[in-house]
Amino acid sequence: MYNPIKTLKTNTIGTLNMLGLAKRVGARLLLASTSEVYGDPEVHPQSEDYWGHVNPIGPRACYDEGKRVAETMCYAYMKQEGVEVRVARIFNTFGPRMHMNDGRVVSNFILQALQGEPLTVYGSGSQTRAFQYVSDLVNGLVALMNSNVSSPVNLGNPEEHTILEFAQLIKNLVGSGSEIQFLSEAQDDPQKRKPDIKKAKLMLGWEPVVPLEEGLNKAIHYFRKELEYQANNQYIPKPKPARVKKGRTRHS
Ligand SMILES: O=C(O)[C@H]1O[C@H](OP(=O)(O)OP(=O)(O)OC[C@H]2O[C@@H](n3ccc(=O)[nH]c3=O)[C@H](O)[C@@H]2O)[C@H](O)[C@@H](O)[C@@H]1O
C-alpha cells in the first residue's frame, strides 16, 4: 500500500466520522467494504459467513484490517445507536473512468498492452480473481441500499480466471504484441478469490449481467481514448511500477 497510515485513517476515523454524522441526521449509511476482509482465503468461494484469513501485520493489513474494523464500527453503531447500515463486500471491479495509474491489474495490463510494454504478472500468475463490470456493481449497491438487508452482502462476478489467463485475454482483446513478464510475487497476495453471491441473488434479486469480454472492450476503448487525449497534451501515463520485492525477472 502506497500510504498505509492514510489508508488506516480513512478506513477507521473516516468511517467513525460518517457513522457519527449518520446518527445525527438519521441517515442510512453504505459502507463500501471489500473482499479483502477475507484475506488470503482458506474457503473457496467466499461466502459472507466466512471470517477470513488476514495477516494483521502484513503490508495489506492497513487496508484489510481497516475495512474489517470499519465493518465492526457499523454494527456497533447499529446496535448501540440504532444507525441503519448497509455493508457491501465489493469484489474486484473495473470499467471506464477507473484510475489509469493506481497499480491494479486491469489498468496495468490494459495500459501495458496498448503501449506495447510487457504485461507484468506477479508470481506465477496462477493466483485467481473474478472481475465485475462497474455498472453491475452500481446496480447491486442501489439494490442493497433499497433493501432491508443490514448484514454484509458480497457483490462480485463469480467468473474466476487466473491472472495469467487474464493477461492473455487482455493482450488478445487489444491485439497487442506485448510479451508477458513474470516478476516476484507480491507479499500476502490472496491466491484465490471468487465471490459466493447466493445471498445477493436471494435477498436483492441481483446478479451480474455484463460478460467479462464486453466489459473489458469498453474499458480498453476508454483507455485508448485517454491515451490519445493525453498524447495530444504531451503527457503519457505509465503503469505504476511493480509493488513487489526485488527479484529475478523471467520472460515468456
Ligand atoms: O476488489 C477487491 O476486493 C480488492 O481488490 C484489489 O486488490 P487485488 O485483488 O490485489 O487487486 P489488484 O491489485 O488488481 O491485483 C490482482 C492480482 O493481479 C496481480 N497483479 C497486479 C498488477 C500487475 O501489474 N500484475 C499482477 O500480476 C496481483 O498480484 C493480484 O494477484 C484492490 O486493490 C482493493 O482495493 C479491492 O478492495
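In the predicted model, Thr 15 is placed in helix 1, which spans residues 4-25. Thr 15 is buried, its relative accessible area being 9%, a value that falls under the 20% limit for that class. The side chain of Thr 15 makes a polar contact within the protein, reaching the backbone oxygen of Asn 11 at 2.6 Å.

The ligand is surrounded by 22 residues, of which Thr 34, Ser 35, Thr 120, Asp 189 and Arg 193 come nearest. By residue class, this shell divides into 8 nonpolar, 7 polar and 7 charged residues. Oxygen atoms of the ligand take part in contacts with both side chains and backbone. In the side chain of Glu 36, an N or O atom is 3.1 Å from an oxygen atom of the ligand. The side chain of Asn 108 likewise has an N or O atom at 2.8 Å from a ligand oxygen. At Val 105 the contact is made by the backbone, with an N or O atom lying 2.7 Å from an oxygen atom of the ligand. Taken on its own, the ligand has 700 Å² of accessible area, and the protein covers 92% of it. Two or more residues of the shell are given by helix 3 (105-114) and by strand 4 (119-122).

The second largest pocket has a volume of about 190 Å³. Its lining is formed by Val 37, Glu 48, Tyr 50, Trp 51, Arg 68, Glu 71, Thr 72, Tyr 75, Arg 89, Ser 151, Pro 152 and Lys 199. Helix 2, residues 61-81, gives the most to this lining, with 4 residues. The lining of the second largest pocket comprises 5 nonpolar, 2 polar and 5 charged residues.

Helix 2 also holds Asp 64. Asp 64 has a relative accessible area of 5% and is therefore buried, the limit for this class being 20%. Between Asp 64 and Tyr 77, which are 13 residues apart along the chain, the C-alpha separation is 20 Å.

Several loop residues have backbone geometry that merits description. The peptide bond from His 44 to Pro 45 is cis, and its omega is near -10°. Pro 45 belongs to the loop between strand 1 (28-34) and helix 2. Arg 97, a residue other than glycine, has a positive phi, near 75°. The place of Arg 97 is in the loop that runs between strand 3 (93-94) and helix 3. With a relative accessible area of 73%, Arg 97 is exposed, since the exposed class begins over 50%.

A positive phi is also found at Asp 188, where the angle is about 60° although the residue is not a glycine. Asp 188 is located in the loop between strand 9 (180-183) and helix 6 (198-204). The relative accessibility of Asp 188 is 30%, so Asp 188 counts as partly exposed. Lys 192 is placed in the loop between strand 9 and helix 6. Lys 192 is partly exposed, with a relative accessibility of 44%. Computed along the sequence, Lys 192 and Pro 118 are 74 residues apart, and their C-alpha atoms are 24 Å apart in space.Two further buried residues are found in the later part of the description. Trp 206 lies in the loop between helix 6 and helix 7 (212-232). The relative accessible area of Trp 206 is 5%, and Trp 206 is therefore buried. Trp 206 and Leu 137 are 69 residues apart in sequence, with a C-alpha to C-alpha distance of 9.7 Å. Phe 166 is part of helix 5, residues 163-174. Phe 166 has a relative accessibility of 1% and so counts as buried. The C-alpha atoms of Phe 166 and Gly 123 are separated by 14 Å, the two residues being 43 positions apart along the chain.

Technical notes:
Residues are numbered from 1 along each chain as its sequence is written. This is a predicted model: local features need pLDDT of at least 70, side-chain atom pairs count only at pLDDT 80 or more; totals for chains, interfaces and linings use all residues. Side-chain values use heavy atoms; hydrogens and water are left out. A residue is near a molecule or strand if one of its heavy atoms lies within 4 Å of it. A polar contact is a pair of N or O atoms within 3.5 Å; within protein, one must be able to donate a hydrogen and the other to accept it, and residues adjacent in sequence count only if both atoms are side-chain atoms. Accessible areas come from the Shrake-Rupley method with a 1.4 Å probe; for residues, only the protein chains shown count as cover. Ala, Val, Leu, Ile, Met, Phe, Trp, Tyr, Cys and Pro count as nonpolar, Asp, Glu, Lys and Arg as charged, and the others, Gly among them, as polar. On a 1 Å grid over the protein atoms alone, a cavity is a set of points where a 1.4 Å probe fits but cannot get out, and a pocket is an open set with protein on both sides within 12 Å along at least five of seven lines; lining residues have an atom within 4 Å of a point. Grid points are joined across faces, edges and corners, and a volume is the space filled by probe spheres set on the points. Buried means under 20% relative accessible area, exposed over 50%, partly exposed in between (1.4 Å probe, protein chains only).
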